[in-house]
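Work through the exercises below with the sequence and the 3D structure at hand. Each task is followed by a solution in steps.

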Amino acid sequence: MARLSSVFLVLLLHVVLLITSSLCESTNFRHSSSRKHVTAFFIFGDSFLDAGNNNYINTTTLAQANFWPYGETYFGFPTGRFSDGRLISDFIAEYANLPLIPPFLQPGFRHYYAGVNFASSGAGALVDTFQGLVIDLKTQLRYYKKVETWLRHKLGDVGAEMTLSKAVYLFSIGTNDYMSLFLTNSTILKTYSESQYVGMVIGNLTSVIKEIYTTGGRKFGFMNLPTVGCLPLLRILEQDTNGSCLKEASSLANLHNEALSKLLKKLSKQLKGFKYSVYDFNNNLKQRINHPTQYGFMEGKTACCGTGQFRGVFSCGGKRPVQEFQLCENPDEYVFWDSIHLTEKVYKQLADEMWRGTSNSLTVGPYNLKDLFQAR
């Protein structure tokens with residue numbers, strides 16, 4: 001019992017240190033003259049970008065990662081990030097010379113000069129996606145409006161509009177809108193066709209983009225959807241597929257990605273000054289799944305943490321309905337950290353491509369994120 005108490009105290013100390021460190025970085029940044037020249041970073045979406053917002057909402061452990069072994073490699077303790085370490089957005093912030101961008105709901109954090117992270121694990125563009133357990137995209141937009149009000153109060157209308165127009169807005173959204181159809185008893189595709197459903201998801205995303213644009217936002221980054229059916233969790237859903245990808249799920253993701261591409265091209269013509277970067281998450285993850293050794297990995301299909309075939313049972317950490325799990329020795333050898341999410345090593349590779357990639361490589365375009373952060 002004494003050992004358990006000491007472990008708990010050490011864990012608590014680590015969490016306090018992380019929050020204190022974030023606040024100190026923010027305070028130092030707030031009092032620095034450099035904030036006048038910074039490009040703020042606002043992050044929206046799901047668990048691929050969630051830095052810990054779900055730590056502070058009433059939800060299930062299926063939508064939380066604030067327990068061991070999450071965070072074990074870089075931070076040394078769980079932060080709420082669904083990985084062994086940092087996420088794409090953490091690396092992008094580093095490359096942009098920004099501090100770690102904290103979650104909006106982090107207690108005590110109230111300074112948004114460098115941006116803030118609104119992303120929530122399990123969130124979708126549709127309000128109905130895992131409703132009541134996540135911060136859906138429309139609610140994330142509402143939180144962003146609060147930040148806009150705060151900036152106007154602190155900087156005045158002109159200063160706030162300059163900050164918002166220079167800022168970069170990064171989105172990873174939609175995966176849960178499609179994945180949830182296969183994880184719940186949803187019958188929505190009996191009411192709507194696949195193209196109609198994709199249209200609803202894209203429609204909600206469109207309205208959020210346009211709302212941000214009206215506040216002054218001009219520079220947007222997007223990750224298209226991964227090959228959803230090849231996530232370990234979905235590979236094991238149908239026993240008769242012999243562990244192959246769930247084609248129906250991947251097909252929906254492909255339809256979404258085609259619609260997203262068309263939308264962004266359309267908005268770039270409709271909205272004056274609208275610049276965007278879209279990263280081909282789908283193909284670049286697929287390459288690492290199918291050819292892991294070409295990217296420095298030993299295993300592309302089985303997760304580092306979980307149980308069952310491909311470790312596709314979402315049990316990492318033993319705090320979820322299934323408590324049994326196995327943990328690999330070296331996450332750097334794996335593409336997948338758990339049954340859905342990726343290791344820090346993968347996230348860094350993807351972030352590097354998003355930051356520096358060229359449109360000629362078909363990885364990212366028409367701009368990369370470095371272009372957007374440097375654009376005036």
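**Exercise 1.** Is Thr 302 buried, partly exposed or exposed?

Solution. This is a predicted model, in which local features need pLDDT of at least 70, side-chain atom pairs count only at pLDDT 80 or more, and totals for chains, interfaces and linings use all residues. Residues are numbered from 1 along each chain as its sequence is written, and side-chain values use heavy atoms, with hydrogens and water left out.

Step 1: take the cut-offs. Buried means under 20% relative accessible area, exposed means over 50%, and partly exposed is in between (1.4 Å probe, protein chains only).
Step 2: apply them. Thr 302 has a relative accessible area of 21%, so Thr 302 is partly exposed.
Step 3: place the residue. Thr 302 sits in the loop between helix 9 (281–290) and strand 6 (305–306). Helices (H or I, at least four residues) and strands (E, at least two) are DSSP runs, numbered from the N terminus.
Step 4: list its partners. With neighbours within four places in sequence left aside, Thr 302 is in contact (heavy atoms within 4.5 Å) with Phe 310, Arg 311, Tyr 334 and Phe 336.

**Exercise 2.** Find where Ser 89 and Thr 175 lie, and classify each by accessibility.

Solution. Step 1: Ser 89 belongs to helix 2 (residues 88–95). Its relative accessibility is 3%, so Ser 89 counts as buried.
Step 2: apart from neighbours within four places in sequence, Ser 89 is in contact with Phe 41, Ile 43, Leu 49 and Asn 117.
Step 3: Thr 175 is found in helix 4. Thr 175 is buried because its relative accessible area is 2%.
Step 4: apart from neighbours within four places in sequence, Thr 175 touches Asp 46, Phe 48, Leu 225, Pro 226 and Val 228.

**Exercise 3.** How many residues of helix 4 are buried, and what covers them?

Solution. Step 1: helix 4 spans residues 175–183, and seven of its nine residues are buried.
Step 2: the buried ones are Thr 175, Asn 176, Asp 177, Tyr 178, Met 179, Ser 180 and Leu 181.
Step 3: their cover includes helix 5 (188–191), helix 6 (194–214), helix 7 (232–235) and helix 8 (247–270).

**Exercise 4.** Describe the largest pocket and the second largest cavity.

Solution. Step 1: set the terms. On a 1 Å grid over the protein atoms alone, a cavity is a set of points where a 1.4 Å probe fits but cannot get out; a pocket is an open set with protein on both sides within 12 Å along at least five of seven lines; lining residues have an atom within 4 Å of a point. Grid points are joined across faces, edges and corners, and a volume is the space filled by probe spheres set on the points.
Step 2: the largest pocket holds about 460 Å³ of space. Its lining has 27 residues, of which Leu 62, Phe 130, Leu 183, Phe 314 and Ile 340 are the closest to its centre.
Step 3: helix 4 gives the largest share of this lining, four residues. By class, the lining of the largest pocket has 16 nonpolar, nine polar and two charged residues. Here Ala, Val, Leu, Ile, Met, Phe, Trp, Tyr, Cys and Pro count as nonpolar, Asp, Glu, Lys and Arg as charged, and the others, Gly among them, as polar.
Step 4: the structure has two cavities of 30 Å³ or more, and the second largest cavity contains about 30 Å³ of space. Its lining consists of Phe 171, Ile 173, Leu 205, Phe 222, Met 223, His 256 and Leu 260. Six of these are nonpolar, one is polar and none is charged.

**Exercise 5.** Which strands hold the rings of the pair Phe 44 and Phe 171, and of the pair Tyr 169 and Phe 220?

Solution. Step 1: rings of Phe, Tyr and Trp (its six-membered ring) pair if their centres lie within 6.5 Å; planes under 30 degrees apart count as stacked, over 60 as edge-to-face and the rest as tilted. The count comes to 30 aromatic pairs.
Step 2: Phe 44 and Phe 171 are stacked, at 4.8 Å centre to centre and 10° between the planes. Phe 44 lies in strand 1 (residues 41–45) and Phe 171 in strand 3 (residues 168–172), so the pair ties together parts that are 127 residues apart in sequence.
Step 3: Phe 44 is buried, with a relative accessible area of 0%, and Phe 171 is buried, at 1%.
Step 4: Tyr 169 and Phe 220 are also stacked, with 5.3 Å centre to centre and 25° between the planes. Tyr 169 is in strand 3 and Phe 220 in strand 4, so this pair ties together parts 51 residues apart in sequence.
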